[in-house]
Amino acid sequence: MQTPAYFVFNVTAIHDPQGMLPYQEKVQETVTAHHGSLLVGGGEVDSVEGPAVQGRFFIVRFDSTEAAKAWYHSPDYQSIIGHRHASASCQAFLLAGLPV
């Protein structure tokens with residue numbers, strides 16, 4: 001039984017849209033190369049309980065926590081992550097899913 005893993009990104013602000021372009025242009029390619037899939041891509045958020053959340057959410061699925069970490073630490077993703085760090089305010093979480 002395999003346990004999928006999900007990277008959840010909450011991008012609360014993009015301070016430098018031009019600076020984010022290299023990240024936005026390459027991130028999907030890095031996810032696909034590591035057999036991940038984008039499940040949620042920045043749509044509207046409707047808070048139904050608790051305080052309203054800010055920003056846009058992106059959820060990326062991988063087959064396992066190990067695969068998710070391998071993507072995150074891979075040279076191809078690490079080569080673009082600096083663009084996001086420098087250009088946006090973001091939180092990132094890695095969640096283990098339920099076995100399937």
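Two strands are taken to pair if DSSP finds at least two bridges between them. With that in hand, the sheet of this predicted model can be walked through strand by strand. In strand 4, Ala88 is the bridge partner of Ile14. That contact belongs to a run of nine bridges that joins strand 1 to strand 4 (residues 88–96) in the antiparallel sense. Strand 1 (residues 5–14) also pairs with strand 3 (residues 56–62), again in the antiparallel sense, this time over seven bridges. Here Phe7 sits opposite Val60 of strand 3, and Val8 has Ile59 of strand 3 opposite. As a general matter, strands in a sheet are held in pairs by backbone hydrogen bonds, and the pairing may be parallel or antiparallel.

Put together, the four strands make an open sheet with antiparallel pairing, in the order 2-3-1-4. Which strands stand at the edges? They are strand 2 and strand 4; each has a single partner strand, so one side of each is left without a neighbour in the sheet. From one strand to the next, the twist averages 20°.

Next come the helices. Helix 1 (residues 17–33) lies across strand 1, strand 2, strand 3 and strand 4, and runs at about 165° to strand 1. Helix 3 (residues 75–87) packs on the sheet too, where it touches strand 1 and strand 4. The direction of helix 3 makes about 130° with that of strand 4.

Back in the sheet, one residue of strand 1 deserves a stop: Asn10. Is Asn10 buried or exposed? With a relative accessible area of 7%, Asn10 falls under the 20% cut-off, so Asn10 counts as buried. Setting aside neighbours within four places in sequence, Asn10 is in contact with Gln54, Gly55, Arg56 and Phe57, and also with Ser89, Cys90 and Gln91.

Arg56, one of those contacts of Asn10, turns up again in a salt bridge. How many salt bridges does a search of the whole structure find? There are two. In one of them, the side chains of Glu44 and Arg56 meet at 3.0 Å, N to O. This pair links distant parts of the chain, 12 residues apart: Glu44 is in the loop between strand 2 (37–41) and strand 3, while Arg56 is in strand 3. The partners differ in how open they are to the outside, since Glu44 counts as exposed at 70% relative accessibility, whereas Arg56 counts as partly exposed at 36%. The other salt bridge brings together the side chains of Arg61 and Asp63, with 3.0 Å from N to O. Arg61 has a relative accessible area of 23%, so Arg61 is partly exposed. Asp63 is partly exposed as well, at 36% relative accessibility.

A little further along is Ser64, in the loop between strand 3 and helix 2 (65–73). At 14% relative accessibility, Ser64 counts as buried. Leaving out neighbours within four places in sequence, the contacts of Ser64 are Gln2, Thr3, Pro4 and Ala5.

Then there is the empty space. In general, such space shows up when a probe the size of a water molecule is rolled over the atoms. The largest pocket has a volume of about 310 Å³. Of the 15 residues in its lining, those closest to the centre are Tyr23, Gln24, Val27, Leu38 and Phe58. Which element gives the most to the lining of the largest pocket? Helix 1 does, with six residues. Strand 1, helix 1 and strand 3 each supply at least two residues of that lining.

Leu38, one of the residues closest to the centre of the largest pocket, is found in strand 2. At 40% relative accessibility, Leu38 counts as partly exposed. Beyond neighbours within four places in sequence, Leu38 is in contact with Gln28, along with Phe58, Ile59 and Val60. Ile59 and Val60 have already appeared as residues of strand 3, opposite Val8 and Phe7 respectively. Leu38 and Ala13, by contrast, are 20 Å apart in space, C-alpha to C-alpha, and 25 residues apart in sequence.

How values were computed: Residues are numbered from 1 along each chain as its sequence is written. This is a predicted model: local features need pLDDT of at least 70, side-chain atom pairs count only at pLDDT 80 or more; totals for chains, interfaces and linings use all residues. Side-chain values use heavy atoms; hydrogens and water are left out. Buried means under 20% relative accessible area, exposed over 50%, partly exposed in between (1.4 Å probe, protein chains only). Contact means heavy atoms within 4.5 Å. A salt bridge is a side-chain nitrogen of Lys or Arg within 4 Å of a carboxyl oxygen of Asp or Glu. Axes are lines fitted to C-alpha atoms, for helices over the stretch in contact, and angles run from 0 to 180 degrees between N-to-C directions. On a 1 Å grid over the protein atoms alone, a cavity is a set of points where a 1.4 Å probe fits but cannot get out, and a pocket is an open set with protein on both sides within 12 Å along at least five of seven lines; lining residues have an atom within 4 Å of a point. Grid points are joined across faces, edges and corners, and a volume is the space filled by probe spheres set on the points.
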